[in-house]
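Work through these exercises with the structure open beside you. Try each task before you read its solution.

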Amino acid sequence: MFDDQRSKKVILVLHCLLNQNARIDGCAYFPGAMRESARAVVDSGVGILQMPCAELHCLGLDRSGRMRDGTDIGIREALLEGEGLKACRDLVRQVMDDVREYQKHGFRIIGVVGNDGSPACGVDTTHYVDGERAGAGAFMEILREELTRRGLDIPFVALRDHEWAERTARIRALLESAAEN
Ligand code: SF4
């Protein structure tokens with residue numbers, strides 16, 4: 001079954017790897033896709049599952065962590081409480097539905113690509129209301145919890161604005177190791 005040209009390998013990537021239009025105002029570094037990083041993934045032959053942008057979906061394009069009463073609780077924090085948390089969990093559930101379906105048919109999920117420093121997509125560092133420090137972004141935190149809950153050990157790697165060349169090398173290493181196995 002599915003014995004055709006497909007690689008049966010899929011990588012989960014943050015939305016803005018392919019679409020910088022989703023970025024918060026002032027934070028798009030490319031006109032469209034993050035060119036070199038996206039090219040590395042495309043050229044590898046793995047399938048690309050573009051995850052939803054949690055910030056765009058939950059807080060809109062012109063977003064902030066400002067609540068209706070004017071208090072700024074921070075974007076990460078806004079995604080981890082009330083409506084934001086519910087919406088984030090729904091998005092993760094949709095991703096997990098696809099992951100489960102691929103796995104049911106023997107496809108491999110080779111990794112997850114996030115973006116350090118992002119309130120939603122940070123892997124090793126994220127942005128809290130008072131600045132950046134160690135920790136995962138809201139979406140990645142919930143996604144990792146779900147993967148762990150289902151016993152799936154899938155590697156996470158992170159791009160990082162301003163360091164995309166060095167970070168792309170990390171993605172290449174992940175892709176190469178998936179190609180060997
Ligand atoms: S929330 Fe994630 S996908 Fe959306 S713009 Fe920020 S880093 Fe990109």
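Helices (H or I, at least four residues) and strands (E, at least two) are DSSP runs, numbered from the N terminus. The model is predicted: local features need pLDDT of at least 70, side-chain atom pairs count only at pLDDT 80 or more, and totals for chains, interfaces and linings use all residues. Residues are numbered from 1 along each chain as its sequence is written, and side-chain values use heavy atoms, with hydrogens and water left out.

**Exercise 1. Place Asp116 and describe its surroundings.**

Step 1: find the element. Asp116 lies in the loop between β3 (108-115) and β4.

Step 2: judge the exposure. Buried means under 20% relative accessible area, exposed over 50%, and partly exposed in between (1.4 Å probe, protein chains only). Asp116 is buried because its relative accessibility is 5%.

Step 3: look for a polar contact. This is a pair of N or O atoms within 3.5 Å; within protein, one must be able to donate a hydrogen and the other to accept it, and residues adjacent in sequence count only if both atoms are side-chain atoms. The Asp116 side chain reaches the backbone nitrogen of Asp124 at 2.7 Å.

Step 4: list partners in contact (heavy atoms within 4.5 Å). Beyond four places in sequence, Asp116 touches residues including Val123, Asp124, Leu159 and Arg167.

**Exercise 2. Is Thr126 buried or exposed, and what does its side chain reach?**

Step 1: locate Thr126. It is in strand β4 (residues 125-128).

Step 2: read the accessibility. Thr126 has 0% relative accessibility, so it counts as buried.

Step 3: check the side chain. A polar atom of the Thr126 side chain lies 2.8 Å from the backbone oxygen of Ser118.

Step 4: gather the contacts. Leaving out residues up to four places away in sequence, Thr126 touches Arg76, Gly117, Ser118, Pro119, Gly131, Glu132, Arg133, Gly135, Ala136 and Gly137.

**Exercise 3. Which residues are around the ligand?**

Step 1: apply the cut-off. A residue is near a molecule if one of its heavy atoms lies within 4 Å of it.

Step 2: name the residues. Leu14, His15, Cys16, Ala22, Arg23, Cys53, Glu55, Arg63, Ser118, Ala120 and Cys121 surround the ligand. Ser118 is also the residue whose backbone oxygen pairs with Thr126.

Step 3: sort them by class. Ala, Val, Leu, Ile, Met, Phe, Trp, Tyr, Cys and Pro count as nonpolar, Asp, Glu, Lys and Arg as charged, and the others, Gly among them, as polar. The shell has six nonpolar, two polar and three charged residues.

**Exercise 4. Find the positive phi values before β1.**

Step 1: recall the general pattern. Most residues other than glycine have a negative phi.

Step 2: take Phe2. Phe2 lies in the segment before β1 (9-13). Its phi is near 55 degrees, a positive value in a residue other than glycine. Phe2 is partly exposed because its relative accessible area is 26%.

Step 3: take Lys8. Lys8 lies in the segment before β1. Its phi is near 60 degrees, also positive in a residue other than glycine. With a relative accessible area of 28%, Lys8 is partly exposed.

**Exercise 5. Follow helix α5 into the loop after it.**

Step 1: start with Arg149. Arg149 is found in helix α5 (residues 138-149). Its relative accessible area is 60%, so Arg149 is exposed.

Step 2: check its side chain. Arg149 makes a side-chain polar contact with the side chain of Glu146 (3.0 Å).

Step 3: compare two separations. Arg149 and His162 are 13 residues apart in sequence, and their C-alpha atoms are 33 Å apart in space.

Step 4: move to Asp153. Asp153 is in the loop between α5 and β6 (156-159). Asp153 is exposed, with a relative accessible area of 77%.

**Exercise 6. Characterise Ala40 and Gly45.**

Step 1: Ala40 lies in helix α1 (residues 35-44). Ala40 counts as buried because its relative accessibility is 10%.

Step 2: beyond four places in sequence, Ala40 is in contact with Thr168, Arg172 and Leu175.

Step 3: Gly45 is in the loop between α1 and β2 (47-50). At 43% relative accessibility, Gly45 is partly exposed.
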